[in-house]
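Here is a short briefing on one protein model and its ligand. Please look at the structure first, then read the notes below.

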Amino acid sequence: MKEFQNIVFFTGAGLSVESGIPTYRGQGGIWEDYNYQEYACQEAFASDPEKVWDFHDKRRAMIKSCDPNPAHRIIAEVQRRNPQTTIITQNIDGLHQRAGARNVIELHGSIWRLRCSESGVVEENFEVPLAQKRCGQSSWWRPDIVWFGDSLREDTINLALKALQRCDLFLCIGTSAVVYPAARMPQIAIDNGAETIEINPEETPISALFNRCIRSSASLALAEMFPG
Ligand code: APR
């Protein structure tokens with residue numbers, strides 16, 4: 001690992017499993033219990049903001065009760081030692097930052113930020129449950145999350161693309177790689193000549209792209225790759 005100067009950690013929900021946060025898909029996945037069309041898209045929010053907020057308040061409470069796990073801490077430590085390291089995450093839980101990571105590129109936003117449905121103003125907020133859901137007479141705070149059907153922010157994508165262009169090692173950790181455009185990132189790293197490794201206990205639709213696949217949990221694999 002010492003040979004690599006520009007590592008990109010590309011992470012998904014599997015990274016936070018060992019913190020106690022369920023994944024989205026598969027057994028016990030969030031979308032098994034909740035239909036995303038009722039809880040995680042702009043149409044659902046427009047028709048019943050209280051119901052959508054109830055779901056997100058529950059998620060905020062659950063995430064707040066969880067701590068970063070060794071995988072988050074190893075990634076933060078790698079970045080502390082080499083500040084050229086980039087973390088691109090699909091996770092909205094903020095656990096990378098709580099482990100000490102900096103400048104995390106949050107492709108799908110954050111559950112700890114609110115966005116005004118009218119003005120687009122964004123504020124950090126850690127209240128659980130969120131006391132004031134309205135931010136004006138006709139406007140609501142909505143979680144600053146990329147829901148189904150939403151576009152990713154252009155400035156966020158550009159930051160990620162810049163990191164992918166200069167990375168020499170791309171580590172894809174804990175994502176089922178079925179949600180686009182995020183799932184396109186590994187191919188972009190490959191096209192730019194990076195060495196690529198997938199860490200995931202299960203095969204994914206893009207496993208064949210990688211130079212190497214490590215079929216184990218994020219914390220075990222990272223502890224072996226980055227000892228002490
Ligand atoms: N270590 C590493 N990977 C793990 C672990 C673990 N301990 N446990 C499970 N995984 C893997 C699973 O095998 C699965 O491939 O994590 C992956 C989680 O997949 P998803 O639940 O689909 O999560 P993710 O890929 O992050 O989802 C992408 O979908 O709903 C949207 O916006 C949401 O950002 C999310 C996006």
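Ile173 stands opposite Ile199 in E8. That pair sits within the pairing of strand E7 (residues 169-173) with E8, where the two strands run parallel and five bridges join them. The model is a predicted one. The notes start from this strand pair, then turn to the sheet, the ligand, the backbone and two buried residues.

**Strand E8 and its neighbours**

- Strand E8 spans residues 195-199 and is mostly covered, with four of its five residues buried.
- On the E7 side, Phe170 has Thr196 of E8 as its bridge partner.
- On the other pairing, E8 is joined to strand E9 (residues 212-214) by three bridges, and the two run parallel.
- There, Glu198 has Cys213 in E9 as its bridge partner.
- The connection from E7 to E8 involves helix H8 (residues 185-191): E7, H8 and E8 make a right-handed β-α-β unit.

**The sheet as a whole**

- Where does E8 stand in the strand order? The order is E3-E2-E1-E7-E8-E9, which places E8 between E7 and E9.
- These six strands form an open sheet, and their pairing is parallel.
- E3 and E9 are the edge strands, each pairing on one side only.

**The ligand site**

- Which residues come nearest to the ligand? Of the 21 residues around the ligand, they are Tyr24, Arg25, Thr175, Ser176 and Asn200.
- Arg25 offers a polar side-chain atom that lies 2.7 Å from a ligand oxygen atom.
- Gly14 and Gly174 approach through the backbone. A backbone N or O atom of Gly14 is 3.5 Å from an oxygen atom of the ligand. For Gly174, a polar backbone atom lies 3.3 Å from a ligand oxygen atom.
- How much of the ligand does the protein bury? Taken alone, the ligand exposes 740 Å², and the protein buries 90% of that.

**Cis peptide bonds**

- Val128 and Pro129 are joined by a cis peptide bond, with omega about -10°.
- Pro129 belongs to the loop between strand E5 (122-124) and strand E6 (141-145).
- Tyr180 to Pro181 is also a cis peptide bond, with omega near 10°.
- Pro181 is in the loop between E7 and H8, two elements of the β-α-β unit.

**Positive phi outside glycine**

- Asn103 is not a glycine, yet its phi is positive, at about 50°.
- Its place is the loop between helix H6 (95-98) and strand E3 (105-106).
- Is Asn103 buried or exposed? Asn103 counts as exposed because its relative accessibility is 71%, and the cut-off for exposed is over 50%.
- Ala177 also has a positive phi, near 55°, and is a residue other than glycine.
- Ala177 lies in the loop between E7 and H8. Pro181 is found in the loop between E7 and H8 as well.
- Ala177 has a relative accessible area of 6%, so it is buried; the limit for buried is under 20%.

**His108: a buried loop residue**

- His108 is in the loop between E3 and strand E4 (109-116).
- With a relative accessible area of 13%, His108 is buried.
- The His108 side chain reaches the backbone oxygen of Gln90 at 3.5 Å.
- What does His108 touch, not counting residues up to four places away in sequence? Its contacts are Thr89, Gln90, Ile92, Asp144, Ile145, Val146, Leu152, Val179 and Ala182.
- Among these contacts, Asp144 and Ile145 fall in strand E6 (141-145).

**Ala44: a buried helix residue**

- Ala44 is part of helix H3 (residues 42-47).
- Ala44 counts as buried because its relative accessibility is 6%.
- Leaving out residues up to four places away in sequence, Ala44 touches Gln37, Glu38, Tyr39, Pro49 and Val52.

Methods: Residues numbered from 1 in each chain as written. Predicted model: local features only at pLDDT ≥ 70, side-chain atom pairs only at ≥ 80, totals over all residues. Heavy atoms only, no water. Buried < 20%, exposed > 50% of the residue type's maximum accessible area, 1.4 Å probe, protein only. Pairing = 2+ DSSP bridges. Right-handed = clockwise from strand over helix to strand, strands pointing away. Near = heavy atom within 4 Å. Polar contact = N/O pair within 3.5 Å; in protein donor to acceptor, adjacent residues only side chain to side chain. Areas by Shrake-Rupley, 256 points an atom, 1.4 Å probe, with all protein chains shown as cover. Contact = heavy atoms within 4.5 Å.
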